[in-house]
Amino acid sequence: MKSVAKEESRYAHQTDSIEKWFKDDGTGNTYTQTITSRHSEVLGRHVATVMSISFGRTAAHYKRHFKAFILSLGYDTFEEFENGFDGNISDFSDAEFLGFRQAVMSVYGITDAESVDWERLYKFCLVHFQRSVERVKTNYSVVPHGRQDEFQEMVDVLLSEETTEEQFLDTVDKILQEFPLTTNWIEWYLEHFRGALVFPAMRNGTIKGHGRDTNAGEVTGRWFKTRAYTRSEIRRPTLEEGLGIMVREGQTVQDDYSAELNGVRTGYGTRSSPRDRVAKKTKRSATSVVRNIKSLLEKSFARLRDKEETGKRKRCREPYVNDGRSPDKGSQLVPKHKRRKLSNSQSLRANVRGAQRAPRMVDVVNLAKAIPFQFQSGGVQYNNTCPLDSVLMCLYLIRKLGIVSVCLLETDLVLHQTLNMIDAEQYTDARLFWLEHSK
């Protein structure tokens, strides 16, 4: 694993955490596995380089992980590290970035965080940002219906490598003017360290390694869990079992690496690097979608099995707060208007005004006397009459509510007489008459 981490392949490292994988042991500890991974040109695939288990998800926990990772690279000075490190990509977790920054400062004795251009060492996942954009622009309370493309074009300007600082600031102002409810969301991405790690116009350089997202790192985490189940039939390991699985999988990576160096292939099929896939712009196949659906179903059934096996109500934990997600929910963007409590006299007036509003269905027709879904006539049982009943009831309500002029409906004598029968609750006669005389 250390050999993969030290490869001079110019592929960025990716760090992601696996949460809620370990079995709850009743101690109250939040066991989290963190995996740093990257693409190996020797192995021809994306593999883990550093794995750790922590008792939480704070900056102090991530600092220990990244410190072990940085020391494994073997750079003696910060200048060597800055020039040789291909960069790390993670999601928008504040704790994860702060842990990385603290680890770098601790290893190389840096006292002033502002003296380092962190955007040259660290990068946020573009896919996570685009998911947030999608959530915001599909909220019609924030971005009005029909203006989604306009909003996306502005966001594309913010993400463009060609955008100047002046164009960037003008575009931000335009977004805030055209879509004022996005203020909390856009400010979250612009504050302190985040902006330089997302938007090209705000940064002074970028990471050296290839990569824009943590997709491969997340796949590595899922692969790790799948391997644990297929080889040990363990879905949720204990702490001891998890450590054993990590040692075994780490040894497998190292053995495969040594075999490849000796000319022994450890995988089948043709190989392709991330750069090749980007160049070819390959599209996701339908099989990958099916595979993802199967994995989701497998997780769902696994949760059900866990509940059946335990037979106990799980102890309530403190709610997990995702410190890497921007305020992109409707409840965080759209201001809440508190309803003023009405006095008794105001309530009476409100009830009077309410009678002048659009009538409710229960005020127009007695639903207990609506057309039954089947009927019998002349010894014949008529079933599955919903298509006929629904149409006739819709026409009846249109006339009853005055949505369409009664004079217009009276032009069709058969329809007019049928609706009169429905009004008189002669449902069987109305349907038979309509079936016999309508053209």
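**View 1. The largest cavity of the predicted model and its lining.** The largest cavity has a volume of about 30 Å³. One cavity of 30 Å³ or more is present in the structure. Its lining is made up of E119, Y122, K123, A196, L197, R203, G205 and T206. By class, this lining splits into three nonpolar, two polar and three charged residues. E119 is one of the residues to look for here, and E119 returns in the next view as part of the lining of the second largest pocket.

**View 2. The second largest pocket, centred on the residues nearest its middle.** This pocket holds about 220 Å³ of space. Twelve residues line it. Nearest the centre lie E114, V116, W118, E119 and F193. Seven nonpolar, four charged and one polar residue make up the lining.

**View 3. S90 in strand 4 and its contacts.** Strand 4 covers residues 88-90, and S90 belongs to it. How many percent is the relative accessible area of S90? The value is 0%, so S90 is buried, the cut-off being under 20%. Leaving out residues up to four places away in sequence, S90 touches T15, E96, Y122, K123, F124, C125 and T214. Two of these partners, Y122 and K123, also line the largest cavity. C125, another partner, is taken up in View 4.

**View 4. Two cysteines, C125 and C394.** Is C125 buried or exposed? C125 counts as buried, because its relative accessibility of 1% is under 20%. C394 is partly exposed, with a relative accessible area of 47%. That value falls between the 20% and 50% limits, so C394 is neither buried nor exposed. How many disulfides does a search of the whole structure find? The search returns zero. A disulfide is a covalent bond between the sulfur atoms of two cysteines.

**View 5. T418 in helix 18.** Helix 18 spans residues 413-423 and includes T418. T418 has 0% relative accessibility and therefore counts as buried. Which residues does T418 contact, apart from neighbours within four places in sequence? They are L392, A430, F433 and W434. Among these, A430, F433 and W434 fall in the range of helix 19, residues 427-437. L392 falls in the range of helix 16, residues 386-401.

**View 6. E425, a loop residue with positive phi.** E425 sits in the loop between helix 18 and helix 19. Its phi is near 65 degrees, a positive value in a residue other than glycine. E425 is partly exposed, at a relative accessible area of 41%.

**View 7. N384, a second loop residue with positive phi.** The loop runs between strand 7 (380-382) and helix 16 (386-401), and N384 is found in it. Phi of N384 is near 50 degrees; this residue, too, is other than glycine. N384 has a relative accessible area of 71%, so it counts as exposed, the cut-off being over 50%.

**View 8. The whole protein, for orientation.** The protein has 439 residues, and 38% of them count as buried. Its secondary structure comes to 19 helices and seven strands. About 26500 Å² is exposed, and carbon and sulfur atoms supply 52% of that area. Among contacts with a separation of 6 or more, residues 24 or more positions apart account for 69%.

Methods
Residues are numbered from 1 along each chain as its sequence is written. This is a predicted model: local features need pLDDT of at least 70, side-chain atom pairs count only at pLDDT 80 or more; totals for chains, interfaces and linings use all residues. Side-chain values use heavy atoms; hydrogens and water are left out. Helices (H or I, at least four residues) and strands (E, at least two) are DSSP runs, numbered from the N terminus. Buried means under 20% relative accessible area, exposed over 50%, partly exposed in between (1.4 Å probe, protein chains only). Contact means heavy atoms within 4.5 Å. Accessible areas come from the Shrake-Rupley method with a 1.4 Å probe; for residues, only the protein chains shown count as cover. On a 1 Å grid over the protein atoms alone, a cavity is a set of points where a 1.4 Å probe fits but cannot get out, and a pocket is an open set with protein on both sides within 12 Å along at least five of seven lines; lining residues have an atom within 4 Å of a point. Grid points are joined across faces, edges and corners, and a volume is the space filled by probe spheres set on the points. Ala, Val, Leu, Ile, Met, Phe, Trp, Tyr, Cys and Pro count as nonpolar, Asp, Glu, Lys and Arg as charged, and the others, Gly among them, as polar. A disulfide is a pair of cysteine sulfur atoms within 2.5 Å.
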